Amino acid sequence: MIYYNVKTLSQTKKIAQEFAQIIKQKKQAIVFLKGDLGSGKTTFVRFVLHYLGIKDFKGSPSFTIAHEYYTKEKKVIHMDLYRIQTKEELLNTGIFEYFDQVAIFFIEWPNLLEIKPDIVIEFNTTIKQRSIGIDWATN
């Protein structure tokens, strides 16, 4: 895992821009986003989508479970599973049908999913610092 210490929003944007350049080259990927509430997961996704050319960010999909976005080259699906408490609830949402699609998936709160991610991004926040860790080795 590669860790970035983040002190400003512009540093987060820069990391998101670099990540977007790499993810542009992938046809499909499952990206798990892990971290506490308010640690920057949704903000990071917003910046990545911006650098992929998506300007109509819809916010966190906390209540809708998923938002779909399109570029000329690919489909991007942003999921937020925070409100899902059990595996049965997860099955009842129908989200597994999404995984039949060729897309880039950003999944916040993936704890109940029993699928293997291609990339894991961890957001850590303490009183003194914030960090973003990207694990590319999971694929």
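1. Helices and strands here are DSSP runs, numbered from the N terminus, with at least four residues for a helix and at least two for a strand. On that basis the protein, which is a predicted model, has three helices and seven strands, and along the sequence these elements follow the pattern β-α-β-α-β-β-α-β-β-β.

2. On overall dimensions, a compact globule of 139 residues would have a radius of gyration near 14 Å, and the value for the protein is 14 Å, which agrees with that expectation. The C-alpha trace spans about 40 × 35 × 30 Å along the principal axes. Of the contacts between residues at least 6 apart in sequence, 61% join residues that are at least 24 apart.

3. On burial and surface, 45% of the 139 residues count as buried. The accessible surface comes to about 7900 Å², and carbon and sulfur atoms account for 51% of it. As for charge, the protein carries 19 positive and 15 negative side chains, with the centres of the two sets lying 10 Å apart.

4. Helix α2, which covers residues 41–51, deserves a separate remark, since its buried residues are named individually: Lys41, Phe44, Val45, Phe47, Val48 and Leu49. An α-helix has 3.6 residues a turn, so residues three or four places apart point the same way. A lysine, Lys41, stands in this buried set beside phenylalanine, valine and leucine residues.

5. Just after α2, glycine 53 takes a positive phi of about 100 degrees, and this residue belongs to the loop between α2 and β3 (66–70). Is glycine 53 buried or partly exposed? With a relative accessible area of 49%, glycine 53 is partly exposed, because that value lies under the 50% above which a residue would count as exposed. Glycine 53 and alanine 20 are 33 residues apart in sequence, while their C-alpha atoms are 9.7 Å apart in space.

6. Side chains of opposite charge can pair when their charged atoms come close. How many salt bridges does the structure hold? There are three, and they are taken in turn below.

7. Within helix α1 (residues 9–23), glutamate 18 and lysine 14 are four residues apart, about one turn of the helix, and their side chains meet in a salt bridge with an N to O distance of 3.1 Å. Glutamate 18 has a relative accessible area of 35% and is therefore partly exposed.

8. The side chains of lysine 75 and glutamate 68 form another salt bridge, again described by an N to O distance of 3.1 Å. Lysine 75 is buried, with a relative accessible area of 15%, whereas glutamate 68, at 25% relative accessibility, counts as partly exposed. The two assignments fall on either side of the cut-off because buried means under 20% relative accessible area.

9. The salt bridge between the side chains of lysine 87 and glutamate 114 has an N to O distance of 2.3 Å. Lysine 87 lies in helix α3 (residues 87–93) and glutamate 114 in the loop between β5 (104–108) and β6 (119–125), so this pair ties together parts that are 27 residues apart in sequence. Lysine 87 counts as partly exposed at 46% relative accessibility, and glutamate 114 counts as exposed at 63%.

Note on methods:
Residues are numbered from 1 along each chain as its sequence is written. This is a predicted model: local features need pLDDT of at least 70, side-chain atom pairs count only at pLDDT 80 or more; totals for chains, interfaces and linings use all residues. Side-chain values use heavy atoms; hydrogens and water are left out. The radius of gyration is taken over C-alpha atoms; the globule rule is 2.2 Å times the number of residues to the power 0.38. Buried means under 20% relative accessible area, exposed over 50%, partly exposed in between (1.4 Å probe, protein chains only). Contact means heavy atoms within 4.5 Å. Accessible areas come from the Shrake-Rupley method with a 1.4 Å probe; for residues, only the protein chains shown count as cover. Lys and Arg count as positive and Asp and Glu as negative; His and the chain ends are not counted. The place of a charge is taken as NZ of Lys, CZ of Arg, CG of Asp or CD of Glu. A salt bridge is a side-chain nitrogen of Lys or Arg within 4 Å of a carboxyl oxygen of Asp or Glu.
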